[in-house]
Amino acid sequence: PVEDVTIPINTASWSPGEYDVYVYGWDSALPTNNINITSTAHVTIIINSAPTLEWSGASGYSSDGLNPDIGDATTSFVFRIKYVDKDNDAPADGDPKVHVMKDGVEISNSPFSMTHESGSYYLLGARYSYTMTLSEGNYSYYFTASDSLNSAATPTVEQNAPNVGAPIPDEFSIPSWLIPALIGIILIIIP
């Protein structure tokens with residue numbers, strides 16, 4: 001009977017290119033010098049390096065991927081990342097992504113696919129962004145990406161931001177009944 005056999009082949013030392021692989025087999029009842037070619041396969045070896053993710057380097061993004069880091073529920077928080085691939089492979093569909101957590105748990109719909117901003121020569125890097133508002137709370141985020149050949153970048157280190165507080169009123173007003181009392185306090189303090 002013919003048995004299916006899977007044999008791993010270490011191609012680490014092979015150069016990129018096309019190869020014909022010959023599979024030999026024999027019948028154990030026959031002498032070992034009676035080897036016959038039983039199958040051939042054409043194999044293409046592609047050497048692919050994983051992409052990398054870097055801070056975009058734009059103003060406000062030299063040491064992290066978010067600007068601003070603090071705001072309120074009306075603030076537009078802009079996440080940015082630079083995708084670099086030394087093989088010049090485009091990112092996989094929907095990548096890069098930003099993962100946003102509130103109190104350590106991913107928020108609804110996270111991760112978010114980012115929008116291409118600039119750069120199409122991935123060897124030098126392409127910039128991506130995602131803008132959102134958030135409810136009050138403490139958040140953290142990190143970025144992930146894979147290239148079009150499914151090699152995954154190392155995710156960025158999780159950053160503790162943004163901190164989203166209560167909205168600040170547009171105008172600070174003092175009730176009119178309190179003004180005379182404040183003036184009296186000011187006059188007492190100032191000799």
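Let's start at threonine 44, which sits in strand 2, the stretch covering residues 36–45. Please keep in mind that this is a predicted model. Is threonine 44 buried, exposed or partly exposed? With a relative accessible area of 44%, threonine 44 is partly exposed. Leaving aside residues up to four places away in sequence, threonine 44 touches Gly17 and Glu18. Aspartate 20 is worth finding too: threonine 44 and aspartate 20 are 24 residues apart in sequence, and their C-alpha atoms are 8.7 Å apart in space.

Now let's step back to the whole chain. How many helices and strands does the protein chain have? There is one helix, and there are 13 strands. If you walk from the N terminus, you pass through the strands, and the helix comes at the end of the order. The protein chain has 191 residues, and 31% of them are buried. Here is a number about contacts: take those in the chain with a separation of 6 or more, and 63% of them are between residues 24 or more positions apart. As for the surface, the accessible area of the chain is about 12,700 Å², with 55% of it belonging to carbon and sulfur atoms.

Next, please look at strand 6, residues 77–84. Why do we call strand 6 largely enclosed by the rest of the structure? Because seven of its eight residues are buried. Let's go through its partners one at a time. Strand 3, residues 52–54, pairs with strand 6 in the antiparallel sense over three bridges. There, glutamate 54 stands opposite lysine 82 of strand 6. Strand 4, residues 66–67, also runs antiparallel to strand 6, and two bridges join them. In that pairing, leucine 66 faces you across from phenylalanine 79, as the residue opposite it in strand 6. Then comes strand 11, residues 126–132, joined to strand 6 by seven bridges, again antiparallel. Arginine 80 stands opposite serine 129 of strand 11. While we are on strands, here is a general point: in a regular strand, side chains alternate between the two faces of the sheet.

On to the aromatic rings. How many aromatic pairs does the structure hold? The count is five. One of them is tryptophan 55 with phenylalanine 143: their ring centres are 6.3 Å apart and the planes meet at 70°, so this pair is edge-to-face. Tryptophan 55 is in the loop between strand 3 and strand 4, while phenylalanine 143 is in strand 12, residues 137–144, so the pair ties together parts that are 88 residues apart in sequence. Tryptophan 55 is partly exposed at 26% relative accessible area, whereas phenylalanine 143 is buried at 0%.

Another pair is phenylalanine 112 with tyrosine 130, and this one is stacked, with 4.9 Å from centre to centre and 20° between the planes. Phenylalanine 112 belongs to strand 9, residues 112–113, and tyrosine 130 to strand 11, so this pair ties together parts 18 residues apart in sequence. Phenylalanine 112 counts as buried at 10% relative accessibility, and tyrosine 130 is partly exposed at 22%. Ring pairs also link Trp55, Phe79, Tyr141 and Phe143 into a cluster. You have already met Phe79 today, opposite leucine 66.

Let's move to the surface. Which residues form a nonpolar patch there? They are Tyr121, Leu123 and Leu124, with about 310 Å² of accessible area together. Leucine 124 is in the loop between strand 10, residues 115–118, and strand 11. Leucine 124 counts as exposed, at 62% relative accessibility.

Finally, some backbone details for you to look up. The peptide bond from aspartate 95 to proline 96 is cis, with omega near -5°. Proline 96 lies in the loop between strand 6 and strand 7. Serine 110 and proline 111 are also joined by a cis peptide bond, with omega about 10°. Proline 111 is in the loop between strand 8 and strand 9. Asparagine 109 is in the loop between strand 8 and strand 9, and has a positive phi of about 70° although it is not a glycine. Asparagine 109 is exposed, at 64%. Asparagine 150, in the loop between strand 12 and strand 13, also has a positive phi, near 70°. Asparagine 150 counts as exposed at 64% relative accessibility.

Key: Residues numbered from 1 in each chain as written. Predicted model: local features only at pLDDT ≥ 70, side-chain atom pairs only at ≥ 80, totals over all residues. Heavy atoms only, no water. Buried < 20%, exposed > 50% of the residue type's maximum accessible area, 1.4 Å probe, protein only. Helix = DSSP H or I, 4+ residues; strand = E, 2+ residues; numbered from the N terminus. Pairing = 2+ DSSP bridges. Patch = residues over 30% accessible without salt bridge, like charges linked within 9 Å, V, L, I, M, F, W, Y side chains within 5 Å. Areas by Shrake-Rupley, 256 points an atom, 1.4 Å probe, with all protein chains shown as cover. Salt bridge = Lys/Arg side-chain N within 4 Å of Asp/Glu carboxyl O. Phe/Tyr/Trp six-rings, centres within 6.5 Å; stacked < 30°, edge-to-face > 60°. Contact = heavy atoms within 4.5 Å.
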